[in-house]
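Student: I'm new to this structure and would love a close look at a single part of it. Could you walk me through one chain and its surroundings?

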Amino acid sequence: MAAANCWRCLGRPSTQRLLAPSSIPSFKNPTSVAAFTTSATFLAKDDNQERPIEAPGPGERKAFRKRIQLSNDNALKVSGLSELEAQQLVDPTAVGQMASLPTGLVDQLRTIEAFKPTQNWGLFRSPHMLVRKDTVDFLGDMTKRIANKETVRTVIEGERGVGKSMLGLQTMAAGFMNKMVVINIPEAQDLVEARTDYSYIPRTTPEQFSHPSYILKLLQALRSANEEVLSKEIIKLEHIHLPGNLSRNASLATLANVTKEPEFAWPVFNALWQELLQPGRPPIMFTLDGLSHIMRISDYRSPSFNLIHAHDFALTRLFVEALGGKTHFPNGAAIVGVMTKGNWLKDKSVEKALEQARAAQAELPIPERDAYYSKYDERVFEALKGVEVFDVKSISKLEARSLMEYWAASGVLRMRVDEKTVSERWTLAGNGVLGELERVSLYVSRL
Amino acid sequence: MSSLRTGVRCLRDIRQTATTATSNASLAYRPKQAFRATRSIATTAPRSAGETTTTQIIPSDVEPVGQDSSATVQIPYVRAVPISPSYFSRKPVFNDAFVVVQDLARKYARLPIIPKDKVTPTAWRTKEQYRLAIGEHAKGRDYATCMKLAKRLNQIHPDLMPEEVKAGLLPFKREVNYYLNRPKIQPIDQYGRSHGVGKRKSSTARAWVVEGAGEVLVNGKPLSEAFGRVHDRESAVWGMKLTERLDKYNVWAMVEGGGTTGQAEALALAIAKALCVHEPALRNPLRRAGCITRDPRKVERKKHGHVKARKMPTWVKR
């Protein structure tokens, strides 16, 4: 048994690790050769002579926390997996397969911030994803309906860690591969928590607000991710109120690129949106992660110092009207709101609206609102009117096995992957909750 | 007096002696009507020269005691003899019982015995339990000697076991022979479910185990929701994991009371017990895995004068 104290210096083992190795005598300092020493403080003085540790600059810590690492050279390369194709995402026979994301697609997804810092992409050599049964069910139905120029309005629901955001990412991947125009709001929380600047949009009643910097950033991401699609489309409407000179046959990519000024971000975004709603345009995919955050009163204040409802912001209003079915999409569209359970503000209105939507979907009697609760938000019910709710379920053992084999091949899961271990992890992960599976399998090595 | 002498000697030495052979006084100190009639005579004073007197008085052909019906006539002693041989020496209860056992052992020494492992397990009283039961301090060495004889008597073939041996051994046996307790056999119900209960700290868990594919629901929630800590999830299904039954059964459980650790470990016990109903052969592996024995540790109570169970208040000078 190891002694609790170090025999040489009477230091605790943890403190001793911080000291210089005492077995190597320092010749500069003959006193440090003494067998018994209380020189911890002495050595600490030596350390002080080195340059002091600099504190991280403003924003550095957050940038480190929020960084997205999509490759890791220390991870083993997994060979024998095919590249993801659009067909694979809707093919029932492909369920349980792992597929690598093509480089171009990774760039597009990264540009619109589809990858999240909570997902462990940094453990692997290159991004791969599992084609789940839920993926095939959801995307198969969606692709078919968009081909018929229908509008799919869906809320993705599910337990915590079950893979809602991941399904959102797969949806966006399918959108890019099917040449749709993909717009993504990666974190709805950013729009309501008074983190970014906002401004009043003139001549709007009731008054509306925009997030100039945020929308500019969104616009640029949108343009660079969808450049291939947008550059083929020529503008059809007059945009005389926009800055700069747009020629008659300018492409939509040019339109999106027309301003670098935050104050014109919203007008340009709106103009682009109007252009995309014209008949003959490619279908739109508008996704938003953290739907419940925009279903409340935001932390922003109006000039009269009243709190602004989240739906009074131009960007969220655009999404909410599309989700609630107020916007007409002649070319087909997929409006997908992803719920979040990790940081979730429980809201009775959202819960009830989704409950009603679920009942309507299953053609069951619609549950009534609670008659004794007076704080229902009517606008939430408007926004979620007629949406479909897609519940992401836990994965089967077959899917779990293919995922674990991929982890093992990448060298992050150091155990034998057989029926026994898969079954054990599957049970420990709450009957196949994907995030929990990751936690019980990988987090040992993440330390 | 002969009975007293015999009795006292028996405590130390069980060799056959001429006195005991002739007097046949094995049960002479037992309560008898004959002596009872004379009990009103005071016998408190010690008799220094008693022995010589009695030896002269007692005829060599004394009648066996059991046969006398008109004992009053045949009293061979000048003074009344105490009923118990322990009268002048020590507290009587153990000594009397010991003398009975010794006499029985001598009397039935020739009866056939069966090997120790064939004897029906008997719950003997331990020394402490016996002392507590009779309320006197039986000497350890004597009790051990007595128990050796008692166990030898207990080995007599059950078909030939005399009633008096049974009666004589009774004081040394516990009231309930827990070796004969048999656990209630838990049935598997019509739906194939077995039920087990487990406890740990203040938690109680009930688990129903049915053949399946490894789904676990605790209070209606999957394992990951019921227990946030992975360690707790593992301890909840520890028995199934070690016996490699995790993918062969489904578990539906209710847990209440206590904290997460207690609940998880209570669940481990409950699941293991329910599993044993399906496969009794798993009991030993499960026991080795620590899923059968209830951990008896509980929160220690607070004592007066202490801040907590053991902590003492800080010393203050004034």
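**A close look at chain B**

Tutor: Happy to! Let's start where the two chains meet: 15 residues from chain B and 14 residues from chain A make up the contact. On the side of chain B that touches chain A, the elements giving two or more residues are α10 (223–226) and α11 (230–236) of chain B. Sorted by class, that side of chain B holds 6 nonpolar, 2 polar and 7 charged residues. Please keep in mind that this is a predicted model.

Now for the strands. Strand β1 (residues 194–200) of chain B runs antiparallel to strand β2 (residues 203–211) of chain B, and 7 bridges join them. Within this pairing, K199(B) stands opposite T204(B) in β2(B). The hairpin of β1(B) and β2(B) has 2 residues between the strands, and K201(B) takes a positive phi near 50° there. β2(B) also pairs with strand β5 (residues 249–256) of chain B: the two run antiparallel and are joined by 8 bridges. Here V210(B) stands opposite N250(B) in β5(B).

Last comes a helix, α13 (residues 260–278) of chain B. With 19 residues at 1.5 Å a residue, helix α13 of chain B should span 27 Å, and its end C-alpha atoms are indeed 27 Å apart, so the two values agree. Of the 19 residues of α13(B), 15 are buried, which means that this helix is largely enclosed by the rest of the structure.

Notes
Residues numbered from 1 in each chain as written. Chains lettered and ligands numbered in written order. Predicted model: local features only at pLDDT ≥ 70, side-chain atom pairs only at ≥ 80, totals over all residues. Contact = placed C-beta atoms within 7 Å. Helix = DSSP H or I, 4+ residues; strand = E, 2+ residues; numbered from the N terminus. Nonpolar A, V, L, I, M, F, W, Y, C, P; charged D, E, K, R; others polar. Expected span 1.5 Å × (residues − 1). Buried ≥ 20, exposed ≤ 12 C-beta atoms within 10 Å, placed from the backbone. Pairing = 2+ DSSP bridges.
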